[in-house]
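Here are a few short exercises to help you find your way around. Have a look at the chain below, then work through each one with its solution.

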Amino acid sequence: TQTVLVLEKRHCSCVLHACLQSEKEKEVISAVNACSKLFCTLLERKELFVGKLPGEEEALSGEHSAEEKYWMFMRHRYNSCVEMLLEHVSHELHDVKECALCCLIKFATAEGQHPLEHLDWSEHYSFPREMIQAVVDKLLSKTTDNALLISRFQEFLEMEDLRYYVMSSVRDHISKVMDKNKGAVLPVYQNNVFLLLSNINMPRKESELTNFMVKQEAKHEDWKAAKLNEHKRAFERMWLGFLKYKLPGSMYKKVLVILHDSILPYMSKPTLMIDFLTAAYDVGGAISLLALNGLFVLIHQHNLDYPDFYKKLYNLLEPSVFHVKYRARFFHLTNIFLSSSHLPVYLVAAFAKRLARLALTAPPTALLIVLPFIYNLIRRHPSCRVLIHRPSTEDEPLEDSYLMDEEDPAQCCALESSLWEIKMLQKHYHPDVAKAATLINTPLPQQEDDIDEVLETTAFELMERDLKHSQNKNVPLEFETATQLLKGGGDVLGQHFCLV
C-alpha cells in the first residue's frame, strides 16, 4: 500500500508539473493550488530530502534506499515547481501572478518551519532567504509595471522577519541592477522599487514585533529580525541605497511627499538624508518646496545647521508658488520658519516686501493667504511697521528702492521701501481681498491671524461661498396704498408728467 501511495504522489507531481506549463489560465491556477497543498504537506511530513541534493541521475543510481530515492525525486520536483512559480510571477495574467506569489510565500513559510538544509542551531537561524530574494528579483522587474502585484505583496510585509529580509534583498538588488546600468535612470524599475519601499510599514516600538513568519527556537530573542534597531538599520540602508542614484523627475516628488512622515522617523540616523534633501532643495520649483518638510524635521529635531537656509527660502518666493499643488504645505512651513522672534529685521522685511510684490499678480485664493501672512510678520516684529508708516516729504522721488531681482535678502533694500502694494490691493475686484487689504489702514491688533484656516481654500470654494451669500428675498414695497393717483387726482398726474 505504501508503495502505491509513493507512486501516486510521484505521478501526481509529474501531472502538476505539466499543468503548470498549460496555456489555459484556469488549469495553471488549479495546478498552482494543488502544488501548494501537495508540497506544503510533504514539507510538514518531512518527506522531502534534507541536505545537499544530488543530481537526479546520481540519486537514482547511487546506493540509497528506496525511501531516500523517493525523497530525492520529490525534492527535485519541488525545486522545479518553485522555478516555474517564479516564472509565473512574471506571467502576463495578473490572477496567475498573484496565485504564484501566494504559493511561494506558503512554501517559504513551510521551509522556515521545516528547513531543507541541515542547520547548526547554535550558529544559524532558519529562514528561506534565497526564496525571498528570488521573489524580490521578480517583483522588481525592469520592463513590467508590477504595481498591483506589489500591492498584494504588502500583506505579507506585515510579518516582521519577512519584512526584514525583504529590505536586505531590495538593497542588494538595487545595487546590482543600478551598478550594472552605470547609474542610468530606469523609470519602470525604479518605480517598482519605490512602490515596494513605500509599502513597508515600520514598527514604532520593539514590543510591536510580534508577528513572525518563522519562530526561531530558543534563540529567537537574539535574532536580528526580532530587534527594532536592526530593522531601522536595514530600512535606512535600503532607502539610502535607492536614493543615491539619479531618479526620474517625478520620482523626487513622490519620495519627498512621504519623506518627513514615513521615512525619517524610522531611520537610525536621519541626518544621513541631508545630501539628498539639499540636492532636492537646489533643484527649484515644486521639488524645492517639498524638500522643506524634510529639512524642517532635520533642523528642528536633529539640530541640523543648514547655511544660507533663509536665503534659499527667500528665493523660492516666485509667482509659481501660488499655483503649485503643494502651496498650502509651503506656506505652513514658511510660517513656522519665520515665527522666531530672533530673526533680523532686514530678513523679515525682505520676506514681507517680496510677498507684497508677488501679491500684485496673485489669484484671490493666494491673496487671502498672503495678506494675513504679511500682517503676522509685522505683528511679530514691530520694527517692520516702518514699512507701513514711513514719514515722507513732497520733495522725495516716488521710486521704490526695493530690488526684486536681488537674491540676497540682506541686499534687497526692503527696509527702505514700503508696502504700497497692499494699498493698491484695496481696489481689488474681489471684495474679500479688498476688505483684507484695508486692515492695514488701521492699527493691527496683537492677536495673529490663523492662516491655517485659509491654506486649503480653492477658487471653486471661494466662488461657491460668494454665490451662497444670504440674500433678502423680501422685496421692499410702498406700505401706504396710493389713493389719489387713479381717482381723478389731476394735480398728482400733472406733477408726474412734468417730472417725466
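**Exercise 1: Place a leucine**

Leu360 sits in the loop between helix 16 (345-359) and helix 17 (364-380). Keep in mind that this is a predicted model.

Task: work out whether Leu360 is buried, partly exposed or exposed.

Solution: Start with the relative accessible area of Leu360, which is 36%. Buried would need a value under 20%, and exposed a value over 50%. So Leu360 counts as partly exposed.

**Exercise 2: Find its distant partners**

Task: leaving aside neighbours within four places in sequence, which residues is Leu360 in contact with?

Solution: With those neighbours set aside, you're left with Trp420, Glu421 and Met424. Now take Met424, which belongs to helix 18 (residues 420-425). Along the sequence, Leu360 and Met424 are 64 residues apart, yet their C-alpha atoms are 8.1 Å apart in space.

**Exercise 3: Look at the surface**

Task: is Met424 buried or exposed, and which residues form a nonpolar patch with Leu360?

Solution: Met424 has 53% relative accessibility, so it counts as exposed. Next, the patch: Leu360 joins Trp420 and Met424 in a nonpolar patch on the surface, and together they have about 290 Å² of accessible area.

**Exercise 4: Check the record**

Task: which residues does UniProt list as "transmembrane region", and how much helix is in 330-351 and 358-378?

Solution: The unreviewed UniProt entry lists 276-299, 330-351 and 358-378. Residues 330-351 are 68% helix and 0% strand, with end C-alpha atoms 14 Å apart. For residues 358-378, you get 81% helix, 0% strand and 17 Å between the end C-alpha atoms.

Methods: Residues numbered from 1 in each chain as written. Predicted model: local features only at pLDDT ≥ 70, side-chain atom pairs only at ≥ 80, totals over all residues. Heavy atoms only, no water. UniProt positions renumbered as here; feature names shortened; annotations may be inferred. Helix = DSSP H or I, 4+ residues; strand = E, 2+ residues; numbered from the N terminus. Buried < 20%, exposed > 50% of the residue type's maximum accessible area, 1.4 Å probe, protein only. Contact = heavy atoms within 4.5 Å. Patch = residues over 30% accessible without salt bridge, like charges linked within 9 Å, V, L, I, M, F, W, Y side chains within 5 Å. Areas by Shrake-Rupley, 256 points an atom, 1.4 Å probe, with all protein chains shown as cover. Salt bridge = Lys/Arg side-chain N within 4 Å of Asp/Glu carboxyl O.
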